[in-house]
Amino acid sequence: MKAALLGFGVVGGGVYTMLQEHPGWEVAYVLDKREFPELGEKLVHSIDTIVNDPAVDVVVEMMGGTKPAFDFVAAALKAGKHVVTSNKALIAAYYNELTALARENGVALRCTAAVGGGIPWLTSLERACSVDTIESISGIMNGTTNYILDVMTREGKEFAGVLKNAQELGYAEADPTADIDGWDIRRKLVISSNIAYGISIQEEDIPMSGIRGITAEDIAAFTEAGLVCRMIASSARTAEGISATVEPMLLPKGAPEAAVPLNYNRISYVGERLGIQAFFGQGAGRYPTAANCVRDCLDIEAGKRSFYADKAVPTTIRNEGSLRRYYVRANDAAAFADVAESKLGCGIVTRAIPVPEMYARAEKCSFFAALREE
Ligand SMILES: NC(=O)c1ccc[n+]([C@@H]2O[C@H](COP(=O)([O-])OP(=O)(O)OC[C@H]3O[C@@H](n4cnc5c(N)ncnc54)[C@H](OP(=O)(O)O)[C@@H]3O)[C@@H](O)[C@H]2O)c1
């Protein structure tokens with residue numbers, strides 16, 4: 001099998017090494033903006049070289065972003081190449097277009113590394129969906145925010161110092177916005193929910209709040225109350241339709257997610273008959289992520305052609321029936337006077353309110369987190 005890699009960065013470098021070592025596989029081309037003398041004639045700068053070569057079987061996209069990734073991947077699919085990608089931004093934004101292009105051209109589109117890095121989450125979800133109805137999915141889908149919250153909880157440190165430390169360790173980007181404000185997690189929730197429920201939802205439809213405003217004082221109050229804060233992405237079938245949120249949650253300290261250390265991920269689904277199945281592991285990093293890309297390539301070699309879900313019914317998120325209590329540290333306390341139930345640390349805890357009601361007041365908060373009742 002001949003592969004062409006788009007992007008020779010953290011993940012691309014790992015896939016290059018692993019595929020080259022795999023019997024029966026050859027990396028024919030690597031496309032990147034930069035020069036890499038060690039790649040010799042394999043390095044190319046034009047997608048045309050790849051799509052016009054009939055010998056290329058699989059294109060593995062690991063450049064990131066949506067432009068020009070969408071154009072390159074679309075061109076590859078139209079040229080009859082199978083595509084593997086680790087790019088969650090691309091799949092979340094162009095879910096319908098890319099799955100349709102793959103179907104029309106009779107080729108495979110696989111993106112297991114896009115959610116959970118090295119965890120075989122999407123492939124497990126796909127297998128579960130083939131025998132059961134998924135009722136909900138939930139979990140820690142971002143290592144950066146888990147690292148920050150875990151270290152803040154264990155060491156009592158302030159957010160800014162722990163973020164800096166995470167950047168030095170390579171767990172956080174120089175611009176941490178996508179991680180700490182929830183964008184990265186929301187894309188992963190879109191892809192997971194689409195597959196779990198056979199739907200197609202829009203990123204901006206899912207309410208999202210991050211951990212930028214959390215303080216050591218908040219965490220001390222949570223610890224005192226026996227609670228642990230984690231960034232949780234969740235979606236579920238409800239009486240109204242599909243609910244979904246990306247937000248910090250306060251979990252009882254005995255909850256399995258509360259024990260997830262450092263930059264690890266833990267994602268679970270609940271099936272109507274299967275019950276809960278949970279997946280724990282490295283959600284990022286060169287070789288864990290590359291391994292999922294390579295497994296996708298091997299699945300294609302073995303004849304896998306279908307996408308993870310065969311339906312993509314356009315769906316609007318409905319959160320109005322989801323009631324939660326929230327910890328709120330408000331910059332305008334009066335804005336929460338009507339729903340405040342008790343005090344916690346420097347903030348208040350609301351009575352159970354519909355999720356949209358909380359997000360309508362989000363701008364009046366320095367930080368807020370949902371309380372998950374066990
Ligand atoms: N790193 C992880 O642990 C991880 C885990 C799961 C998923 N992912 C996803 O995998 C993808 C790649 O991540 P990464 O960490 O490997 O990123 P990265 O280290 O920045 O690598 C991307 C590579 O692609 C190149 N590139 C970007 N745009 C290009 C273009 N228009 N034409 C040619 N080359 C281009 C970049 O060149 P420049 O550096 O010159 O821009 C860089 O060499 C992203 O979608 C990311 O979300 C990453």
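**Exercise 1. Work out how H3 and H5 pack in this predicted model.**

*Solution.* Start with handedness: H3 passes H5 in a left-handed crossing. Next, look at the geometry of the axes. Those of helix H3 (residues 69-78) and helix H5 (residues 95-104) come within 9 Å and cross at roughly 15 degrees. Angles under 35 degrees count as roughly parallel, so H3 is roughly parallel to H5. Now find the residues that make the contact: H3 contributes Val73, Ala74, Leu77 and Lys78, while H5 contributes Leu98, Leu101 and Ala102. Finally, sort them by class, and the contact of H3 with H5 has six nonpolar, no polar and one charged residues.

**Exercise 2. Repeat the analysis for H1 and H12, and decide how the two helices are oriented.**

*Solution.* Begin with the axes again. H1 and helix H12 (residues 286-301) have axes that come within 8 Å and cross at roughly 55 degrees. That angle makes H1 oblique to H12. As for handedness, H1 passes H12 in a right-handed crossing. On the H1 side, the contact residues are Val10, Val11, Gly13, Gly14, Val15, Met18 and Leu19. Facing them in H12 are Arg286, Tyr287, Thr289, Ala290, Ala291, Cys293, Val294 and Cys297. Sorted by class, the contact of H1 with H12 has eleven nonpolar, three polar and one charged residues.

**Exercise 3. Describe the shell around the ligand.**

*Solution.* Count first: 22 residues surround the ligand. Then pick out the closest, which are Gly7, Gly9, Gly64, Asn87 and Ala284. Which helix supplies the largest share of the shell? Helix H1 (residues 10-21) does, with three residues. You have already met H1 as a partner of H12. To finish, classify the shell: nine residues are nonpolar, nine are polar and four are charged.

**Exercise 4. Locate the two domains and find what domain 1 brings to their contact.**

*Solution.* Take the bounds from the domain assignment of the protein chain, which gives domain 1 (2-110) and domain 2 (122-285 + 315-371). Their C-alpha centres lie 32 Å apart. The contact takes six residues from domain 1 and seven residues from domain 2. Now stay on the side of domain 1 that touches domain 2: helix H4 (88-93) and H5 each supply at least two of its residues. H4 gives the most, with four residues. By class, this side of domain 1 divides into four nonpolar, one polar and one charged. Nicely, H5 links back to the opening exercise, where Leu98, Leu101 and Ala102 of this helix meet H3.

Methods:
Residues are numbered from 1 along each chain as its sequence is written. This is a predicted model: local features need pLDDT of at least 70, side-chain atom pairs count only at pLDDT 80 or more; totals for chains, interfaces and linings use all residues. A residue is near a molecule or strand if its C-beta atom, placed from the backbone, lies within 6 Å of it. Ala, Val, Leu, Ile, Met, Phe, Trp, Tyr, Cys and Pro count as nonpolar, Asp, Glu, Lys and Arg as charged, and the others, Gly among them, as polar. Axes are lines fitted to C-alpha atoms, for helices over the stretch in contact, and angles run from 0 to 180 degrees between N-to-C directions. Angles under 35 degrees count as roughly parallel, over 145 as roughly antiparallel, 65 to 115 as roughly perpendicular and the rest as oblique. A crossing is left-handed if the near helix is turned anticlockwise from the far one by less than a right angle, and right-handed if clockwise. Two residues are in contact if their C-beta atoms, placed from the backbone, lie within 7 Å. Domain bounds come from an automatic or database domain assignment.
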